[in-house]
Amino acid sequence: MSTTEPRSTIAMLPIISGLSLAFTITAVDPLVLSLNMPQVSRALQVPPDIVGFLGGAATLVVAAAVLAVGSLGDAFGLKRMLMLGLVGDILVNLLSALSPGYTYLLVMRLLDGLALAAVLGVSLALLKVSVPAERRPAAIGIFMAIEMLLCGVTPALGGWVVDTVGWRWLFLLAPLLSLIALGLTARYVAEPPTLQRRRVDIVGVSLVGLTLLTLVHGIAEAQNGISQLQAWLPLVISSVAGVLFVLRERRTPDPVLDLSLFRSSPFTVAALASLTLNFIVAGFSFALGQFGSVIMSLPQSTIGLLYLPGTLAISGAVILAGSLIGKYTPRPVLITGLLVLVAGGLLMAATAKPTMPLWILVLATWLTNLGSLVASAAVAETILSHAPPGKSGAVASVQPAFGMTGYALGPAVYLLLLNFFFQRQWLNDAEERGVSATEADQAVDATRSAMAHSPGTTGYDPGLLRQSGLDLGLDFTNGLRLTMLVVSLLPLALAVAAYLLIPRRPRPTR
């Protein structure tokens, strides 16, 4: 056994690497944009209420379409679907680099979401059918470790690109990775047998898209007041569309989402954990980009470098997590990952300030990445273990569907919370200094306007702060601390749910 195991692992590495690289593109693509959104939004004069939506547009489409992609992959070919998505990602990103305005870029991000959906919806499914079940946990560990390495390097590279040659070149990173993934997939990944052609639940997919689109739009508009028509109407439409989707999926013979899967407590917890992990990661990267650029006046290359330290250690931890899942169960690994995420959020909530040491930002970023990757390995194994033969795509796509829903909601919700708590802070600041609410509001608007329209401005202008009579840098930081405290409750609640609802019994041997 000791002689065949290494050979088997080595033989699978090109397959795992190609699929992991494709999977990672779906994370790297929106991540580097979120981290560099201040520069992109300033250059294209993106309205403040559109920034969060633009950052999550691609992932919003992925969340809506990925379920259909999984079913289509089972019917038309998982490998074929993956390669089609990689080609689409290359073309759309090259076109995005030519963006003349934010409306054009928004359309490109929506189209890129379709390409990323094709990639994400079948990557894990191909891993399941390409790797024997007894080696799958270890393969998932390697799969996630490769993702971690790339997610640690590309933000730094993206920040360097933006600082050196400009934000348009940022859109060349994903095509480069897609080309490599395309070559590995074409050479080493076999096309599994396909199912008999089945209908695609177009109505179900449309309802999912409508639910998520109106939800994110409503959250973005809620920054200007939840009582306004443009805020509460989309949220009402989202709720109605969500209910109709559930009713539709319960009655149709070919549902895009098999609701019977959620009768399993481990599956349900894993799906919700996937949503929470990606929500935290996307929201954190967005908040980090805003805080680092606006308050700490850090160049984008420095913000990107925050992801690099400890990358190898996280990769090793994820490989270890895969081995522990195979030896025990996904339960303790999932709980550990979620609690590490909580630690990262609480660290920011306790220590964030305009002059905070960089090593604390590095540690918070490291804990967030470590927790998300370790927990993701447990989530992947739990969900893939529920996939019957011939339906790997349909079941495996549940994880990215929930994950990308969280990724799309993250920037919008973080921005909503950040603006809400920031407003509370500067209003309290104004009251303490004897400044009227109207004067304070004007000072905040003037500062934001100066930042948005001054290409050379990377942080708050101290002169503007003195004129306003407010300490907006500290107010913004306190708003961030409250935001991080609130969102840290989500992974904590999921850790408790995993402890209570996922059985402790060992995995059955296969």
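Helices (H or I, at least four residues) and strands (E, at least two) are DSSP runs, numbered from the N terminus. This is a predicted model, in which local features need pLDDT of at least 70, side-chain atom pairs count only at pLDDT 80 or more, and totals for chains, interfaces and linings use all residues. Residues are numbered from 1 along each chain as its sequence is written, and side-chain values use heavy atoms, with hydrogens and water left out.

**Exercise 1. The loop residue Gln45**

Task: Find where Gln45 lies, and decide whether Gln45 is buried or exposed.

Solution.
Step 1. Locate the residue. Gln45 sits in the loop between α2 (37–44) and α3 (48–76).
Step 2. Fix the cut-offs. Buried means under 20% relative accessible area, exposed over 50%, and partly exposed in between (1.4 Å probe, protein chains only).
Step 3. Apply them. Gln45 has 56% relative accessibility, so Gln45 counts as exposed.
Step 4. Look at the backbone. Most residues other than glycine have a negative phi. Gln45 is not a glycine, and its phi is positive, near 55°.

**Exercise 2. The whole chain**

Task: State how many helices and strands the chain has, and what share of its residues is buried.

Solution.
Step 1. Count the elements. The chain has 20 helices and zero strands.
Step 2. Read the burial. Of the 510 residues in the chain, 58% are buried.
Step 3. Check the contacts. Contact means heavy atoms within 4.5 Å. Take contacts between residues at least 6 apart in sequence: 84% of them join residues at least 24 apart.

**Exercise 3. Two residues of helix α1**

Task: Decide whether Ala22 is buried or exposed, then list what Ala22 touches. Do likewise for Ile25.

Solution.
Step 1. Place Ala22. Ala22 belongs to helix α1 (residues 4–35).
Step 2. Classify Ala22. Its relative accessible area is 0%, so Ala22 is buried.
Step 3. List the partners. Not counting residues up to four places away in sequence, Ala22 touches Leu82, Leu86, Val119, Ser123 and Ala181.
Step 4. Pick one partner. Ser123 is 101 residues from Ala22 along the chain, yet their C-alpha atoms are separated by 6.9 Å.
Step 5. Turn to Ile25. Ile25 also lies in helix α1. Its relative accessibility is 1%, so Ile25 counts as buried.
Step 6. List its partners. Leaving aside neighbours within four places in sequence, Ile25 is in contact with Pro30, Leu86, Asp89, Leu116, Ala174, Leu177, Ser178 and Ala181.
Step 7. Add one distance. The C-alpha atoms of Ile25 and Pro175 are 8.9 Å apart, with these positions 150 residues apart along the chain.

**Exercise 4. Helix spans**

Task: Compare the expected span of α14 with the distance between its end C-alpha atoms. Repeat for α6.

Solution.
Step 1. Take the rule. The expected span of a helix is 1.5 Å times one less than its number of residues.
Step 2. Try α14 (residues 358–384). Its 27 residues should span 39 Å, and its end C-alpha atoms are 39 Å apart, which agrees.
Step 3. Check its cover. In α14, 23 of the 27 residues are buried, leaving this helix mostly covered.
Step 4. Try α6 (residues 136–165). Its 30 residues should span 44 Å, and the end C-alpha atoms are 42 Å apart, which agrees.
Step 5. Check its cover. Since 22 of its 30 residues are buried, α6 is largely enclosed by the rest of the structure.
Step 6. See what follows. Gly166 comes after α6, and its phi is positive, near 115°.

**Exercise 5. Packed helices**

Task: Describe how α4 crosses α5, and how α16 crosses α19.

Solution.
Step 1. Define the geometry. Axes are lines fitted to C-alpha atoms, for helices over the stretch in contact, and angles run from 0 to 180 degrees between N-to-C directions.
Step 2. Name the angles. Angles under 35 degrees count as roughly parallel, over 145 as roughly antiparallel, 65 to 115 as roughly perpendicular and the rest as oblique.
Step 3. Take α4 (residues 78–96) and α5 (residues 102–130). Their axes come within 8 Å and cross at roughly 155°. That makes α4 roughly antiparallel to α5.
Step 4. Take α16 (residues 398–433) and α19 (residues 472–487). Their axes come within 8 Å and cross at roughly 135°. That makes α16 oblique to α19.
Step 5. Name some residues. Those making the α16–α19 contact include Tyr414 and Trp426 of α16, and Phe476 and Met484 of α19.
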